[in-house]
Structure formats: C-alpha cells, structure tokens
Amino acid sequence: MAPPATHELTLPGAMLRRGFWLYVWRVETASGDEWLYVGRTGDNSSPHASAPYTRMGQHLGTMKNQNALRARLRDRGIVAEDCFAFHLIAHGPLHPEVEKVDGALHADLMTQHMPLRDEVGAYERDLAAALSEAGYQVLNTVKWRHAGDPDRWALIRTAFADHFPKLRDLV
C-alpha cells in the first residue's frame with residue numbers, strides 16, 4: 001500500500017446542477033494507457049436526471065448496479081485504485097430535469113422525461129461511436145435506437161473536440 005499522500009480535486013459548481021448531461025471519463029492507467037467511458041445523466045426507469053457530480057461517485061463506487069466505469073475497467077484487468085488519474089469532462093445540462101410537481105403521477109413525469117432521455121441517449125451513442133472512430137480507446141459501447149438532432153449533435157461534438165482533438169478530423 002502506498003504511503004499517505006495529499007491530493008486535490010477541483011469541481012466546478014455547475015457540475016452540481018441536475019439535468020440531462022453528457023460526459024466522458026478519461027482514465028489514465030498505471031501502465032500509461034488511456035481509456036474513455038461515455039455516459040449521460042437521465043435515468044431509464046425514473047424521471048430523474050442527476051448531476052455529473054452524483055454520477056462521478058456512483059461510477060467509482062462499489063454498488064454493482066451503478067458502477068459501470070469501475071466494472072468496465074475490471075473487465076480489462078484494471079484496478080481503479082491503481083489508476084494514475086480520472087478526468088471527468090461533462091457537457092450540459094442539455095435539458096433541465098423534469099420538474100417534480102407535488103401530486104404528479106410517475107407516469108406523467110415519465111411522459112415528459114422520456115423524449116429528453118431518448119434525445120440525450122442518441123448523443124451518448126454518437127459520442128461513444130465518434131470517439132472510437134477517431135481512434136480513442138472507449139471502454140463501452142452505447143446501444144440506443146432513438147435519434148437526436150443533427151445540428152445539436154454537431155455542436156456537442158465540437159464541444160467535446162476541445163478535450164478530444166481527434167474528433168475534429170471526423171466530418
């Protein structure tokens with residue numbers, strides 16, 4: 001075990017805002033490899049859309065149904081605690097979380113939530129595919145059947161290209 005050390009994490013306050021976000025984890029492993037994990041906020045089974053900060057802890061936690069990043073690393077024989085660094089790049093919110101009105105039925109909230117979730121899910125799929133096509137090592141494949149808006153997708157791809165420059169080579 002490594003001796004105690006002091007570390008620093010800087011978190012922009014905006015990353016606490018709930019809503020529909022896209023994010024990419026950039027993981028630097030102890031061996032010097034770099035892996036990406038693409039995700040989104042906006043639940044499939046409830047009308048909730050958490051903040052990227054919330055997903056950050058879940059992805060690196062130990063709850064089996066919430067820690068997809070940790071699980072994908074483990075699938076490749078990578079121990080999260082042995083990684084050099086985790087970088088979270090989040091873009092959003094693309095939509096605010098559906099407002100929870102007192103007395104609203106779950107089904108009514110889901111009716112409002114699902115079109116937003118479906119759109120952001122399309123961008124999540126497209127971002128994972130574009131990063132992979134650009135030559136980045138992506139830990140996950142996103143399967144999603146819905147479509148997003150092509151003009152909005154172009155803006156999202158441009159925003160992520162600031163952090164992943166090889167995306168600029170895709171047209």
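**A buried asparagine, a covered helix and two ring pairs**

Asparagine 67 has a relative accessibility of just 5%, so it counts as buried, the cut-off being under 20%. This comes from a predicted model. Asparagine 67 sits in the loop between α1 and α2. Leaving aside residues up to four places away in sequence, asparagine 67 touches Gln58, His59, Gly61, Thr62 and Arg74.

Right next door in sequence comes helix α2, which spans residues 68-75. Its buried residues are Leu69, Arg70, Ala71 and Leu73. As for what covers them, the list includes the strands β1 (20-28), β2 (34-40) and β3 (85-95), along with helix α1 (52-60). Just after α2, glycine 77 takes a positive phi of about 75°.

Stepping back to the whole fold, the protein chain has four helices and three strands, and along the sequence they run β-β-α-α-β-α-α. The radius of gyration is 17 Å, close to the 16 Å that the globule rule gives for 171 residues, so the chain is as compact as a globular protein of that length. Along the principal axes, the C-alpha atoms fill a box of roughly 55 × 40 × 30 Å. Buried residues account for 43% of the 171. Of the contacts between residues at least 6 apart in sequence, 71% join residues at least 24 apart.

On the outside, the protein chain exposes about 10000 Å², with carbon and sulfur atoms supplying 53% of that area. As for charge, there are 19 positive and 21 negative side chains, and the centres of the two sets lie 4 Å apart.

Then there are the aromatic rings, which give two pairs. Tryptophan 25 and phenylalanine 86 meet edge-to-face, 6.1 Å centre to centre and with 90° between the planes. This pair links distant parts of the chain: tryptophan 25 belongs to strand β1 and phenylalanine 86 to strand β3, 61 residues apart. Tryptophan 25 counts as buried at 2% relative accessibility, whereas phenylalanine 86, with a relative accessible area of 27%, is partly exposed.

The other pair is made by tyrosine 136 and phenylalanine 164, whose ring centres are 5.5 Å apart with planes at 85°, so it too is edge-to-face. Tyrosine 136 lies in the loop between α3 (106-133) and α4 (150-161), and phenylalanine 164 in the segment after α4, so the pair ties together parts that are 28 residues apart in sequence. Here tyrosine 136 counts as buried at 11% relative accessibility, and phenylalanine 164 is buried with a relative accessible area of 1%.

Note on methods: Residues are numbered from 1 along each chain as its sequence is written. This is a predicted model: local features need pLDDT of at least 70, side-chain atom pairs count only at pLDDT 80 or more; totals for chains, interfaces and linings use all residues. Side-chain values use heavy atoms; hydrogens and water are left out. The radius of gyration is taken over C-alpha atoms; the globule rule is 2.2 Å times the number of residues to the power 0.38. Buried means under 20% relative accessible area, exposed over 50%, partly exposed in between (1.4 Å probe, protein chains only). Contact means heavy atoms within 4.5 Å. Accessible areas come from the Shrake-Rupley method with a 1.4 Å probe; for residues, only the protein chains shown count as cover. Lys and Arg count as positive and Asp and Glu as negative; His and the chain ends are not counted. The place of a charge is taken as NZ of Lys, CZ of Arg, CG of Asp or CD of Glu. Rings of Phe, Tyr and Trp (its six-membered ring) pair if their centres lie within 6.5 Å; planes under 30 degrees apart count as stacked, over 60 as edge-to-face and the rest as tilted.
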